[in-house]
Amino acid sequence: MKKWMIFMFALLLVLPFQMTTYAAVDETELQNYLSTIGMEKEELVDYLASYDFTLADFENVSELRDFLGDPMTPENLVALLQEFDMTYEELKALLIEYGEMEENEKIEDVFPFISDVEDFILFEQGIGEMDEEMLAEMDELFSMLGLNEEELTRFFEHIARVIEADPTVLEI
C-alpha cells in the first residue's frame, strides 16, 4: 500500500509536466508572413531576441503579428509624424541623439515596425515631461530616509544585480 501511495504521488508530480504541450508557430504560415513583411527568418529571430523573446514564445503567426504590429511603411511613418506633430528631420535627429540610428541611415531602414518608433516617441515625450518633477520627488524621499549619494548608488547597484539574477522579480 505504501509503495502504491508513493507511486501515485510521484505520478501526480510528473504528469502535469508530461502533459504540457507547446504550440509552435507553423513554419509555412511563418514563411508567408515573413514574405509579406520583407524579412528573413534569421532577421526576425534577431529582432525578437532584442526583446528577450523567441519564436517559441508565440503560439501562432497571429499572436506574433499582434506583438510585432504593423511593418514600417512610408505611409504609416507619415501618419505617425503627423500624429506627434514632428517632421522627419526632427524625428531622425532625436533618434540619432539617443543612439538609435546613424546619420547616414533612413528611419524606414533601421526600424522594421512602426510601433518601435512610436514607442520611442512616447517614451521620450513621457520622460521629458515628468523628468524634473519626478527627480525632485525622489530627492525629497531619499532625503527623508536619510540616504546619501553613496548609499543610493549601492542600493541601485544591488537592485540591478537582483533583477539581473532573476528578471521574474519584476513580474506582478
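1. A search of the whole structure, which is a predicted model, finds two salt bridges. They are taken in turn in the next two points, followed by the overall fold, the surface patches and several individual residues.

2. One of the salt bridges is formed by the side chains of Glu27 and Lys41, at 3.0 Å from N to O. This pair links distant parts of the chain, since Glu27 belongs to helix H2 and Lys41 to helix H3, with their positions 14 residues apart in sequence. Glu27 counts as partly exposed because its relative accessibility is 37%. Lys41 is likewise partly exposed, with a relative accessible area of 32%.

3. The side chains of Glu150 and Arg154 also meet in a salt bridge, again at 3.0 Å from N to O. Here both residues lie in helix H9, four residues apart, or about one turn of the helix. Glu150 has a relative accessibility of 55% and therefore counts as exposed, whereas Arg154, with a relative accessible area of 47%, is partly exposed.

4. Lys92, in helix H6, deserves separate comment. Side chains of opposite charge can pair when their charged atoms come close. Lys92 is buried yet takes part in no salt bridge, and the nearest side chain of opposite charge, that of Glu103, is 5.6 Å away. That distance may be set against the cut-off for a salt bridge, which requires a side-chain nitrogen of Lys or Arg within 4 Å of a carboxyl oxygen of Asp or Glu. Not counting residues up to four places away in sequence, Lys92 touches Met101, Glu102, Glu103, Glu105 and Ile107.

5. As to the overall fold, the protein chain contains nine helices and zero strands. Its pattern along the sequence is accordingly written α-α-α-α-α-α-α-α-α. Of the 172 residues in the chain, 22% are buried. The accessible surface comes to about 13,300 Å², and carbon and sulfur atoms account for 57% of that area. Among contacts between residues at least 6 apart in sequence, 52% join residues at least 24 apart.

6. A nonpolar surface patch of about 490 Å² is made by Met134, Leu135, Met138, Phe155, Phe156 and Ile159. Helix H8 and helix H9 (149–165) each contribute at least two residues to the nonpolar patch. Met138 lies in helix H8. Its relative accessibility is 32%, so Met138 counts as partly exposed.

7. A negative surface patch is formed by Glu40, Glu42, Glu43 and Asp46. Glu42 is located in helix H3, which spans residues 41–49. With a relative accessibility of 61%, Glu42 counts as exposed.

8. Val25 sits in the loop between helix H1 (2–19) and helix H2 (27–37). Although placed in a loop, Val25 counts as buried because its relative accessibility is 12%; the cut-off for a buried residue is under 20%. Leaving aside neighbours within four places in sequence, Val25 is in contact with Leu30, Leu55, Phe58, Glu59, Asn60 and Val61. For one of these residues, Glu59, the separation from Val25 is 34 residues in sequence and 5.6 Å in space, C-alpha to C-alpha.

9. Two aspartates in loops have a backbone feature that may be checked in the model. Asp52 is not a glycine, yet has a positive phi of about 60 degrees. Asp52 is found in the loop between H3 and helix H4 (61–68), and counts as exposed because its relative accessibility is 73%. Asp85, also not a glycine, has a positive phi of about 50 degrees. The loop that holds Asp85 runs between helix H5 (74–83) and helix H6 (88–97), and Asp85 is exposed, with a relative accessible area of 69%.

10. A final point concerns Leu122, which is placed in helix H8 (residues 114–145). With a relative accessibility of 44%, Leu122 counts as partly exposed. Leu122 and Phe84 are 38 residues apart in sequence, and their C-alpha atoms are 9.2 Å apart in space.

Conventions: Residues numbered from 1 in each chain as written. Predicted model: local features only at pLDDT ≥ 70, side-chain atom pairs only at ≥ 80, totals over all residues. Heavy atoms only, no water. Patch = residues over 30% accessible without salt bridge, like charges linked within 9 Å, V, L, I, M, F, W, Y side chains within 5 Å. Areas by Shrake-Rupley, 256 points an atom, 1.4 Å probe, with all protein chains shown as cover. Lys, Arg positive; Asp, Glu negative; His and termini not counted. Charge placed at Lys NZ, Arg CZ, Asp CG, Glu CD. Buried < 20%, exposed > 50% of the residue type's maximum accessible area, 1.4 Å probe, protein only. Contact = heavy atoms within 4.5 Å.
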